Amino acid sequence: MHVIGTAGHVDHGKSTLVQALTGTNPDRLKEEREREMTIDLGFAWLKLPDGEDVGIVDVPGHRDFIENMLAGVGGIDAVIFVIAADEGIMPQTREHLAILDLLQISDGVIALTKVDLIDDPDWLDLVEEDVRAAMRGTVLESAPIVRVSARTRFGLDELLTGLSTCLAKHPARIDLGRPRLPIDRVFTIAGFGTVVTGTLSDGHLRVGEEIQVLPSGLRGRVRGLQTHKKKEEFAVPGSRTAVNISGVNIDQIKRGDVIAHPGKYQPTRRLDVHFRLLANISQPLEHSTEVKLFLGAAEVVARVRLLGSERLAPGQEGWLQLELSEPLVAVRGDRYILRRPSPGETLGGGVVIDPQPKIRHKRFSAETIKRLESLAKGTPAEILFQAIVALGAAPLADALSRSNLDNETARQAYQELFTQGEILALESSSVQQIEGIPLLPSTLIASRGYWEQIVNHAMREVEAYHRVNPLRRGLPREELKSRLKLTARIFNALMRKLVSEGLLEESGPTVYKAGHTIQFSQAQRQQIDRLLVRFAASPYSPPTAKDCINEIGEELYNALIEVELLVAIPPDLAFRKQDYNKIVAEIRQLIAKQGVITAAQVRDHFNTSRRYVLAILEHLDAQGVTLREGDFRRLK
């Protein structure tokens, strides 16, 4: 699941375009509709041509509301970068582009809007040339330009196709088992209480589980989940998610707070970061400058500590330690933006290197700079972990090779990750181990987050099948493999683990949730009882399959076979389980007594017709109970 954001200058048609694409007006505030201007974040969703449901975050374009824009743009996967054909590149166009570049949001489509206002095609060509020149050297340098009109709907199909194409190349968010949801909106719903929204990352949320609000530390419980206004039991990384929280009041939570599992994240009041100052900035960045930090949906006042220099000139990069006025939640690798408070100006941004620095660094320490440079590349364990995450599940040898670490360093990093439980061996039988750590190069391994992701996916598919097909024991094993889109090796390893851990059970080719049984309604039970009366009245000449289906329906008839109330005898008969067992036992006794038996003898013994006898005997032949020799049968 992905989230798309809008960006661009005020009045270039972002919200109008979103409404044309989705049917939803993202300007939800009365003041926004009166002024015809987006002030705060707006939200909508749509289905792309490839069938994917995506969320949309519509951001303000006016410079007075740029900080509201920053609260929404950090969680997006791709952007619709909006430029009006009648105005072209404008000041906020450039500022929004700089922000996207700093946040490294590299997937997107440039929408040249309001083309219905332009009669001269040469003018559109000139505007496109200006746009392409402005994009040069930025993350959107290669983004396609699509001419559109929200009013006439010209170009909207091409725009949607362009979005599908760019998102198809964008990897799905990884489930690392440690969800965090930066809150960008807080409100209440009568009868439900506190609701927050945001873009979920790094893990999944499930209805009923305990959550923590950070940085306050308040605890609550997930009362309900919605994605695109649809109720869900389970929210996945990358989704626009609304969380109904019990146990937390609306006045105890605000934009910028983070929803997480208890104990998974620690708030911080200090960050070590790499920083790039924009080239067109009005003045250098001085040590001890007060700035506004934007990270996720949070906005915090911070003081800059320049490391290794007294100032940064426009266009320069460097190392900063940020001292925060309030705690926030950050993770290594998070991207951020810094702005000057007054007069308001976007200074630049970069990436978090250490979210929990233990000390206030000496500013001109060569050792500190060297350590930050090393951290920016990542520890061997982090490098190997990212290689494993990128592969999903793969042989150990592939992960070690992808990491580009030397053999000994890679092996030590692998042992560290395995000992910490960050990675798992999916195949545990007959593997070479040292101190419990699998070391065979062919061993199939995966990150714990990936494992939990496919386990949860498998369980959701099985549970959904049970809901849709209540009269079936479970779904075919091959159908589950197809739904999960896993290779045979990974799927087989998954099934072995799920069965061994007691989550799933298998019966022949059928897979079902552990402990699941077919439950009949009272009306169905009455139908079954009436049918079984007919079986009891004529146990050796019971109703045919066709008779049963005509009376109770094919689905209920098949369910009786699945729960073994009936035993199917091909091609079109069935017996009650107890009658079938009696027939088999008595045929065994007859043959044991006489050595062989004919169909006529069986017919006379049970006082039934030849049709039933031949079906039973051929069934016993196929089951390996009897062996046919001409007109006779003997025990096999």
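How many residues does helix α13 have, and how far does α13 reach from its first C-alpha to its last? Helix α13, residues 488-500, has 13 residues and reaches 18 Å, close to the 18 Å expected at 1.5 Å a residue. Keep in mind as you look around that this is a predicted model.

## Helix α13 and what follows

A good part of α13 is tucked away from the surface. I490, F491, A493, L494, M495, K497 and L498 are buried there. K497 is worth picking out in the viewer, as a lysine among the buried residues of this helix. After the helix comes G502, whose phi is positive, near 75°.

## Salt bridges

Let's move on to the charged pairs. Searching the whole structure turns up 31 salt bridges. Here are three of them, with the distance between the N and O atoms.

| Acidic residue | Arginine | N to O distance |
|---|---|---|
| D101 | R276 | 3.1 Å |
| E382 | R332 | 3.7 Å |
| D621 | R633 | 2.8 Å |

Start with D101 and R276, which form a salt bridge. D101 sits in helix α4 (residues 91-103) and R276 in strand β17 (residues 268-277), so this pair ties together parts that are 175 residues apart in sequence. D101 is buried, at 12% relative accessible area, whereas R276 is partly exposed, at 25%.

Next up is the salt bridge between R332 and E382. This pair links distant parts of the chain, 50 residues apart: R332 is in the loop between β22 (317-328) and β23 (335-340), while E382 belongs to helix α8 (residues 380-391). R332 is partly exposed, with a relative accessible area of 31%, and E382 is partly exposed too, at 29%.

In the last row of the table, D621 meets R633. Helix α19 (residues 610-623) holds D621 and strand β37 (residues 632-635) holds R633, so the pair ties together parts that are 12 residues apart in sequence. Which of the two is buried? R633 is, with a relative accessible area of just 4%, while D621 counts as partly exposed at 22%.

Salt bridges can also join up into a network, and D125, E128 and R147 are linked in that way.

## The second largest pocket

Now for some empty space. Rolling a probe the size of a water molecule over the atoms shows where such space is left. The second largest pocket holds about 1,300 Å³. Its lining is made up of 39 residues, and M1, V236, H457, R460 and E461 lie nearest the centre.

Which elements give two or more residues to this lining? They are β13 (230-232), β14 (234-235), α8, α11 (448-468) and α12 (477-484). Helix α11 supplies the largest share, 10 residues. You may remember α8 as the helix that holds E382. By type, the lining residues of this pocket divide into 17 nonpolar, eight polar and 14 charged.

## A threonine with two contacts

T608 is in the loop between α18 (599-606) and α19. Is T608 buried or exposed? At 13% relative accessibility, T608 counts as buried. Its side chain reaches the backbone oxygen of Y540 at 2.8 Å. The side chains of T608 and S541 are joined as well, by a polar contact of 2.7 Å.

## Backbone oddities

Most residues other than glycine have a negative phi, and most peptide bonds are trans. A few spots here go the other way.

Two cis peptide bonds come first. One joins L214 and P215, with omega at about 15°, and P215 is found in the loop between β11 (210-214) and β12 (218-227). Another joins P570 and P571, with omega at about 5°. P571 is in the loop between β33 (566-569) and β34 (573-576).

Then there is positive phi in residues that are not glycine. Q104 has a phi of about 60° and lies in the loop between α4 and β5 (107-113). Q104 is partly exposed, at 43% relative accessibility. D202 has a positive phi of about 70°, and its place is the loop between β9 (193-199) and β10 (205-206). With 15% relative accessibility, D202 counts as buried.

Note on methods: Residues are numbered from 1 along each chain as its sequence is written. This is a predicted model: local features need pLDDT of at least 70, side-chain atom pairs count only at pLDDT 80 or more; totals for chains, interfaces and linings use all residues. Side-chain values use heavy atoms; hydrogens and water are left out. A salt bridge is a side-chain nitrogen of Lys or Arg within 4 Å of a carboxyl oxygen of Asp or Glu. Helices (H or I, at least four residues) and strands (E, at least two) are DSSP runs, numbered from the N terminus. Buried means under 20% relative accessible area, exposed over 50%, partly exposed in between (1.4 Å probe, protein chains only). On a 1 Å grid over the protein atoms alone, a cavity is a set of points where a 1.4 Å probe fits but cannot get out, and a pocket is an open set with protein on both sides within 12 Å along at least five of seven lines; lining residues have an atom within 4 Å of a point. Grid points are joined across faces, edges and corners, and a volume is the space filled by probe spheres set on the points. Ala, Val, Leu, Ile, Met, Phe, Trp, Tyr, Cys and Pro count as nonpolar, Asp, Glu, Lys and Arg as charged, and the others, Gly among them, as polar. The expected span of a helix is 1.5 Å times one less than its number of residues. A polar contact is a pair of N or O atoms within 3.5 Å; within protein, one must be able to donate a hydrogen and the other to accept it, and residues adjacent in sequence count only if both atoms are side-chain atoms.
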